[in-house]
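Q: Hey, can you walk me through where the ligand sits in this thing? I'm new to reading these.

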Amino acid sequence: MKKIVAATALIGALIGATTVQAQSFAPAKGEDALRYRQSTLFLMGQHFGVLGAMAKGDRPFDAASFAWNAKEVENFSHLPWDSFWVAGADQGKHRMKPEIFTEKDKFLGYAKQLQDETAKLVQVASGSDVAAAKAQVAATGKACGQCHDAFRVK
Ligand code: ASC
């Protein structure tokens, strides 16, 4: 019985893991893809801004608000990346550097790092260690920044 329970849990975990990894989305039209990725990055920045203000002490630390905003940031960290590869999504006003396309692995590696940091952000937000939560905001901000430095026009 124990073995069956363990095997079921393992299969569940594997299905869960692949399902999360397999999800991807990008609008089909270039102009929509540009807007989609810029919107998701904008929204991520808005919610991360709340966390940044709490971490810096510009805003009172509120655990429930921190946790909610962390969850939003984590969600948005999964959305923008596929839209960079939609034909026509480089037409219009944007700040992406062409290196995104010539250094795709590095770019997506940074995206993955961001997702890992935002997952930790959600995790730490559910605890009661405020210092750890603030430190994780800094770590997440670093992940935002390293990608901007390499792949966003100043
Ligand atoms: C934000 C935001 C970013 C990041 C970055 C962190 O709030 O809009 O782009 O944080 O500044 O380094």
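A: Sure. One term to start with: a polar contact is a pair of N or O atoms within 3.5 Å. Also keep in mind that this is a predicted model.

Q: Okay, so which atom of the ligand does Gly141 get close to, and at what distance?
A: A backbone N or O atom of Gly141 is 2.9 Å away from an oxygen atom of the ligand.

Q: And how much of the ligand gets buried by the protein?
A: The protein buries 55% of the 310 Å² that the ligand exposes when taken alone.

Q: Which residues surround the ligand?
A: Around the ligand you'll find Gly45, Phe48, Gly49, Gly141, Cys144, Gly145 and His148. By class, that shell has 2 nonpolar and 5 polar residues, with no charged ones.

Q: Which helices supply at least two residues each of that shell?
A: Helix H2, running 30-56, and helix H6, running 130-151. H6 gives the largest share, 4 residues.

Q: What kind of space does the ligand take up?
A: The ligand's space is the largest pocket.

Q: Switching topic: how many residues does H2 have, and how far does it reach?
A: H2 has 27 residues and spans 38 Å from its first C-alpha to its last. That's close to the 39 Å expected at 1.5 Å a residue.

Q: What comes just after H2?
A: Gly57, with a positive phi of about 85°.

Technical notes:
Residues are numbered from 1 along each chain as its sequence is written. This is a predicted model: local features need pLDDT of at least 70, side-chain atom pairs count only at pLDDT 80 or more; totals for chains, interfaces and linings use all residues. Side-chain values use heavy atoms; hydrogens and water are left out. A residue is near a molecule or strand if one of its heavy atoms lies within 4 Å of it. A polar contact is a pair of N or O atoms within 3.5 Å; within protein, one must be able to donate a hydrogen and the other to accept it, and residues adjacent in sequence count only if both atoms are side-chain atoms. Accessible areas come from the Shrake-Rupley method with a 1.4 Å probe; for residues, only the protein chains shown count as cover. On a 1 Å grid over the protein atoms alone, a cavity is a set of points where a 1.4 Å probe fits but cannot get out, and a pocket is an open set with protein on both sides within 12 Å along at least five of seven lines; lining residues have an atom within 4 Å of a point. A molecule sits in a cavity or pocket if more than half of its atoms lie within 2 Å of its grid points. Ala, Val, Leu, Ile, Met, Phe, Trp, Tyr, Cys and Pro count as nonpolar, Asp, Glu, Lys and Arg as charged, and the others, Gly among them, as polar. The expected span of a helix is 1.5 Å times one less than its number of residues.
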